[in-house]
Amino acid sequence: MLPAPLTMDVRRGAVAELGALLADSRVATSGRVAVAVGPGQGDHIESLIAPTLGEAEVFRVADGTVDAAVSLGADLRKGAYEVVVGVGGGKTIDATKYAASLAGIPMVAVATNLSHDGICSPTASLVYEGGKGTFGVPMPLAILVDLDFVHNAPKSLVRAGIGDVISNLSAIEDWQLGNVERGEPIDGLACSMSRTAAEALIGRTDSIESDAFLTVLAESLILSGMSMVVAGSSRPASGGDHEILHAVDQLFPGTSNHGELAGIGAAFCFFLREDHARVQQVVGCLRRHELPVVPGDIGLTEEQFAEVVALAPATRPGRYTILEHLRMQESEIRDRVGDYVRAFAS
């Protein structure tokens with residue numbers, strides 16, 4: 001059976017339907033609802049959704065850390081809420097997902113930007129003392145994406161979602177490689193969903209200024225998250241590309257955001273596979289949407305990026321990707337990074 005949200009609504013003004021959604025007996029029976037908002041647009045969001053939520057209590061999520069999520073989880077348990085609505089960007093939604101899992105209640109996601117596929121994924125990416133970790137959580141019960149909010153979000157964060165979706169193509173190649181080389185079981189439905197999400201975006205010539213493009217981007221991010229639910233892991237949306245992303249986060253924290261790094265990681269992994277047609281397609285998509293392509297675009301030198309690639313396999317022990325398959329020595333990594341930069345630096 002295919003697990004799916006009860007409701008998925010992507011359009012302008014979608015947040016106006018939040019009250020009706022929460023009146024659904026499958027979501028809440030007594031109407032005791034909590035709302036979690038982030039620090040950035042908290043006051044504005046609260047004023048917009050207040051008329052539709054009545055007596056719902058609003059909590060502020062300070063940031064995307066484990067501590068913030070645990071604190072919210074404790075508040076939710078004390079209040080005996082039936083459901084929590086997470087309204088905001090990736091950090092707020094991830095913290096709310098984790099808090100809801102701690103409180104043992106369902107969560108409704110209301111996305112205000114489209115920076116990565118965490119909108120519907122069964123994982124939460126949170127910061128803790130040792131760095132950044134990925135935690136398993138239930139998928140949101142329902143999802144609203146209000147394009148009015150998305151249009152007002154920072155453009156760089158919205159574009160980042162494109163990089164995260166496009167990286168699915170690299171992740172699927174890695175999963176299939178693990179299947180061939182190591183007999184790793186592969187889920188055809190999860191692959192199909194993940195690939196469909198990426199292919200829906202990669203050739204589009206319109207941009208984030210268009211409602212039509214944003215609708216497809218939101219649907220692709222949601223479909224990508226659902227593919228991970230079907231697979232029971234992040235395999236269909238996370239391969240060598242995300243290993244590179246996690247290595248950057250460890251070695252050079254604050255360098256860039258999730259989606260931008262996933263996009264660069266995917267392009268580099270296709271370069272390593274010597275899949276010239278696909279790497280040109282991925283790089284073309286990244287450039288068309290003003291996303292970074294080479295290490296210098298995010299402020300890293302070739303030497304620093306080579307250090308990242310060397311560390312990348314250690315970020316996901318047991319996951320087999322093109323990086324593990326090639327088993328490159330440091331000198332070979334430096335050469336391949338140099339070749340990649342020379343090929344795509346302009």
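## Cores, a cavity and selected residues

Once neighbours within four places in sequence are set aside, valine 145 is in contact with Asp9, Val10, Arg11, Ala14, Ala111, Leu114, Val150, Ala218 and Ile222. The model in which these contacts are found is a predicted one. Val145 belongs to the largest nonpolar core, which has 97 residues, and together with Leu76, Leu114, Leu217 and Phe268 it touches the most other members of that core. A second core, separate from the largest, comprises 20 residues, among them Val33, Val35, Val37 and Val85. In soluble globular proteins, nonpolar side chains tend to be buried together.

Leu114, already named as a contact of valine 145, also helps to line the largest cavity, as do Gly88, Gly89, Gly90, Ile93, Asp94, Asn113, Ser115, His116, Gly118 and Ile119. The structure holds one cavity of 30 Å³ or more, and the volume of the largest cavity is about 60 Å³. By class, its lining consists of three nonpolar, seven polar and one charged residues, and helix α4 (residues 90-103) contributes the most to it, with three residues.

Helix α7 (residues 168-182) has 15 residues, which at 1.5 Å a residue should span 21 Å, and the 20 Å between its end C-alpha atoms agrees with that expectation. The buried residues of α7 are Asn168, Leu169, Ser170, Ala171, Ile172, Asp174, Trp175, Leu177 and Gly178. Just after α7, glycine 183 takes a positive phi of about 70°.

Leucine 21 is part of helix α1 (residues 18-22), and it counts as buried because its relative accessibility is 9%, where the cut-off is under 20%. Apart from neighbours within four places in sequence, leucine 21 is in contact with Thr7, Val27, Val108, Ala142 and Leu144. Leucine 201 lies 180 residues from leucine 21 along the chain, and the C-alpha atoms of the two are separated by 29 Å.

Positive phi values also occur in alanine 80 and in glutamate 290, neither of which is glycine. The table sets out these two residues.

| Residue | Phi | Loop | Relative accessibility |
|---|---|---|---|
| Alanine 80 | near 55° | between α3 (66-79) and β4 (83-88) | 55%, exposed |
| Glutamate 290 | near 60° | between α12 (276-288) and α13 (302-311) | 61%, exposed |

Since exposed means over 50% relative accessible area, alanine 80 falls in that class with its 55%, and glutamate 290 does so with its 61%.

Technical notes. Residues are numbered from 1 along each chain as its sequence is written. This is a predicted model: local features need pLDDT of at least 70, side-chain atom pairs count only at pLDDT 80 or more; totals for chains, interfaces and linings use all residues. Side-chain values use heavy atoms; hydrogens and water are left out. A nonpolar core is a set of buried Ala, Val, Leu, Ile, Met, Phe, Trp, Tyr and Cys residues joined through side-chain atoms within 4.5 Å. Buried means under 20% relative accessible area, exposed over 50%, partly exposed in between (1.4 Å probe, protein chains only). Contact means heavy atoms within 4.5 Å. On a 1 Å grid over the protein atoms alone, a cavity is a set of points where a 1.4 Å probe fits but cannot get out, and a pocket is an open set with protein on both sides within 12 Å along at least five of seven lines; lining residues have an atom within 4 Å of a point. Grid points are joined across faces, edges and corners, and a volume is the space filled by probe spheres set on the points. Helices (H or I, at least four residues) and strands (E, at least two) are DSSP runs, numbered from the N terminus. Ala, Val, Leu, Ile, Met, Phe, Trp, Tyr, Cys and Pro count as nonpolar, Asp, Glu, Lys and Arg as charged, and the others, Gly among them, as polar. The expected span of a helix is 1.5 Å times one less than its number of residues.
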